[in-house]
Amino acid sequence: MNATIRWVRGGGLSTLLLLLPLLLVFGYFAWFPIGRAVVMSFQETNLVTDPAWVGLDNFRQVLEDPLFWTSVRNTLYFTGLALLFGYPVPLVLAVVMSELRRGKGLYSALAYLPVVVPPVVAVLLWRFFYDASQTGVFNTILGWVGLGPFSWIQEASSAMPSLVLQATWANAGATVLIYLAALTGVRGDLYDAAEVDGAGLWRKVWHVTLPQLRGVLLITLILQVIATFQVFTEPYLMTNGGPQNATVTVLLQIYNYAFRFGDYGAATALSVLLALFLAVMSAVYFRLTRSWSTT
Amino acid sequence: MSTRRHLGAVAAAVMALSLVAACGSDDDPAADGGNGQDGGSGDEQVTISVSNLPPATESATREAFLARVEEFEAAHPNITIEPSEYEWDVTTFAAQLAGGTLPTTFEFPFTDGQALIARGQLADITAEVQELPYADDFNPSVLEVAQDDSGNIFAVPTAAYGMGLHYNRSMFEQAGLDPDQPPTTWDEVREYADAIAEATGQAGFAQMSQNNTGGWILTTLTYALGGRMEEGTGDDVTATLDNEGTRQALELLRQMRWEDDSMGDNFLFDWGTINQAFAAGQVGMYIGGSDVYNSLVTENSIDPSTYGLTVLPLEGDDAGVLGGGTIVGVRPDASEAERDAAVKWIDFFYMSKLTQEEAALADAEALVATDAPLGTPALPIFGAEQLAESDAWVADLVNVPLEQMMSFKENILDQPLVPEPPVRAQDLYAELDAVVQAVLTDENADIDALLETANTNVSALVEAG
């Protein structure tokens with residue numbers, strides 16, 4: 001009893017009450033749907049009549065779907081390409097921009113500009129740029145230097161790299177800003193010391209900048225991997241999974257189950273599998289990199 | 001506790017409680033049958049919501065719609081109609097149904113009928129429909145799209161069309177072709193496409209390939225060449241995607257794409273984007289429903305003088321034309337009274353335009369007043385004579401270039417109408433999207449192997465039911 005009174009007098013109750021709206025909003029709009037999705041992954045439902053429990057049937061159906069492995073392969077391909085191109089680009093831009101003596105604000109704004117463009121607008125704009133005819137925007141520009149015309153999104157082999165190019169353009173700006181902010185935290189005397197030791201620009205970046213950014217780099221890496229595993233907007237709007245299923249990703253497959261075929265059981269089953277995979281991968285990643293993260 | 005802490009706690013409690021109240025307020029219409037009414041049929045008061053109220057920007061058709069609502073309510077004092085601007089969207093349908101925001105009656109395309117019936121997302125309205133005076137007069141191949149295997153009726157067909165070949169008359173002229181003599185064989189389609197591409201630099205012929213439309217149009221081509229995607233009835237349906245008609249259809253596409261290079265540079269069209277490209281003069285010919293002209297006018301502002309429509313060439317013993325159209329269904333959780341009221345509304349609002357001169361004229365006048373297209377060729381919901389009669393009622397008001405569609409209108413009734421594949425049609429179409437895309441984007445695509453794989457995949461789905 002005394003403990004309760006102490007808790008109330010100590011501000012425990014008002015803290016809880018202040019927290020309650022947040023808990024309720026989060027609970028209702030985030031945790032409850034997550035819980036419902038897990039339940040639905042074991043059901044067959046038309047969302048109107050009582051659902052039927054089907055055990056693991058939905059999971060079996062999803063794993064036996066010929067498009068499952070295609071979508072996994074495509075997603076891994078997108079993630080790999082996005083890491084290869086999308087991960088170093090913002091870092092290089094941020095390091096170069098941090099070295100600039102003038103116009104840093106202007107370049108930051110320019111780098112961030114694509115992030116301000118609504119994703120749907122950006123993707124549809126790029127679909128227009130990717131016109132595969134000789135008069136297409138990119139093909140015309142590349143034609144001036146004797147390249148192309150390229151098929152871009154109209155051919156299975158070039159469709160996914162085309163999506164990655166657009167996604168890198170669209171998303172690099174936000175990461176550049178994170179790196180720029182992190183770079184301001186790198187102590188100047190470390191660079192001075194390196195310079196005294198005769199280090200050039202490259203050695204300063206390698207031995208001072210990168211180790212100092214280690215913590216941020218590790219976080220942005222896992223965030224990018226998680227985000228690219230959930231790629232949806234680009235393949236949905238640009239190619240709708242085509243040509244020949246070359247850009248069907250796991251999330252697009254989930255969308256198709258739910259909203260194209262009305263199969264909510266299969267959609268939630270695949271969602272649960274993806275969530276589990278990402279959770280396990282994140283846990284393993286943080287465990288493996290725990291000793292590297294010194295910040 | 002300090003005053004400030006007191007105030008903070010009270011404010012937080014008020015916020016929390018108001019949130020709980022907001023979340024918990026049980027205004028879920030699905031809980032009471034979706035429309036706030038329940039109970040049996042008869043003279044008791046019942047309220048139903050109905051779809052496709054024209055938006056405020058189309059004032060004449062909206063007023064005409066609302067006038068019809070008043071007229072209906074006057075004739076049925078126990079029924080209250082709540083008009084809604086809801087229009088069918090396959091991606092939001094299930095969520096709106098579950099959330100209770102789907103109207104009691106709603107329009108949707110033929111192609112989604114079987115999937116909705118299979119998933120139990122439509123009410124069985126057999127008893128109510130059979131009370132209608134024209135219940136036995138429906139064209140059986142049209143009514144079939146709204147029936148299950150046992151013949152139970154889940155919706156009412158209100159408009160039907162046949163697939164046709166749309167062509168750009170001015171591109172025909174540029175290519176030295178006579179726009180009044182559209183192609184009558186698939187060889188001619190290929191020749192014309194080549195000529196148009198050569199003369200204009202645009203796609204002579206284009207093909208949809210996304211969002212299940214690739215499979216839909218390939219099925220149309222297959223039927224026109226005498227093939228079928230599925231054979232058998234009831235539980236004995238088998239997938240036959242690797243039939244000779246489909247093989248010929250894909251071979252035709254392959255030739256136009258890779259030998260003639262007459263299909264342009266975009267091979268990822270869907271229904272909306274191909275209409276857009278056609279209206280913009282980037283496509284010489286394409287296959288689509290005969291009612292597409294309405295959308296080309298209202299959505300894409302096509303120049304009517306450039307538009308032409310003809311029937312698809314039918315070749316092969318069992319060749320036929322794929323049909324499509326609009327059906328109106330009722331929410332599966334509607335009460336008996338709501339179902340009864342809903343079918344009365346369908347009869348009054350949709351069917352009277354087809355069966356009564358006065359209603360047909362009123363509807364036509366409202367359409368013409370907003371420059372909405374009137375007179376696009378349709379297929380009979382009942383019989384050819386009845387269609388001719390209802391066409392004659394509004395003949396003076398027709399505002400579409402009908403003479404440019406006569407090649408279709410005069411011949412379509414002679415073409416055998418073939419319904420869509422009966423089992424898992426949308427899955428089948430989705431599977432074939434990838435096949436069409438493969439043929440159009442990969443010069444070395446192996447048509448036989450593609451069809452064999454697609455057939456295996458669809459067979460597994462058909463067997464699963």
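Entry 1, the contact between chains. I took two residues to be in contact if their C-beta atoms, placed from the backbone, lie within 7 Å. With that rule I looked up where the chains meet, and found 33 residues of chain A in contact with 37 residues of chain B. Helix 2 (12-40) and helix 13 (250-260) of chain A each supply at least two residues of the side that touches chain B, where helices (H or I, at least four residues) and strands (E, at least two) are DSSP runs numbered from the N terminus. Helix 2 of chain A gives the most to this side, with nine residues. By class, the side of chain A that touches chain B holds 17 nonpolar, twelve polar and four charged residues; here Ala, Val, Leu, Ile, Met, Phe, Trp, Tyr, Cys and Pro count as nonpolar, Asp, Glu, Lys and Arg as charged, and the others, Gly among them, as polar.

Entry 2, what kind of model this is. I noted that the model is predicted, that local features need pLDDT of at least 70 and side-chain atom pairs count only at pLDDT 80 or more, while totals for chains, interfaces and linings use all residues. Residues are numbered from 1 along each chain as its sequence is written, and chains are lettered from A and ligands numbered from 1 in the order in which they are written.

Entry 3, chain A. I looked up its secondary structure, which comes to 14 helices and two strands. The radius of gyration of chain A (taken over C-alpha atoms) is 24 Å, well over the 19 Å that the globule rule (2.2 Å times the number of residues to the power 0.38) gives for 295 residues, so chain A is more spread out than a compact globule. Its C-alpha trace spans about 70 × 70 × 35 Å along the principal axes. Of its 295 residues, 30% count as buried, a residue being buried if 20 or more other C-beta atoms, placed from the backbone, lie within 10 Å of its own.

Entry 4, one residue of chain A. I picked A:Val250, which is found in helix 13 of chain A and counts as buried because it has 24 C-beta neighbours inside 10 Å. Not counting residues up to four places away in sequence, A:Val250 touches A:Ser71, A:Val72, A:Thr75, A:Leu270 and A:Leu274.

Entry 5, chain B. I found 18 helices and eleven strands in chain B. A compact globule of 465 residues would have a radius of gyration near 23 Å, and chain B, with 25 Å, agrees with this. Of the 465 residues of chain B, 49% count as buried.

Entry 6, the domains of chain B. An automatic or database domain assignment supplies the bounds, which give domain 1 (32-157 + 325-369) and domain 2 (162-323 + 403-464). The centres of these two domains of chain B, taken over C-alpha atoms, are separated by 31 Å, and nine residues of domain 1 are in contact with nine residues of domain 2.

Entry 7, the cores. I treated a nonpolar core as a set of buried Ala, Val, Leu, Ile, Met, Phe, Trp, Tyr and Cys residues joined through C-beta atoms within 7 Å. The largest has 160 residues, of which B:Phe205, B:Trp345 and B:Ile346 touch the most other members, and this core draws at least three residues from each of domain 1 and domain 2 of chain B. Apart from it lies another core, of twelve residues, among them A:Leu93 and A:Tyr179.
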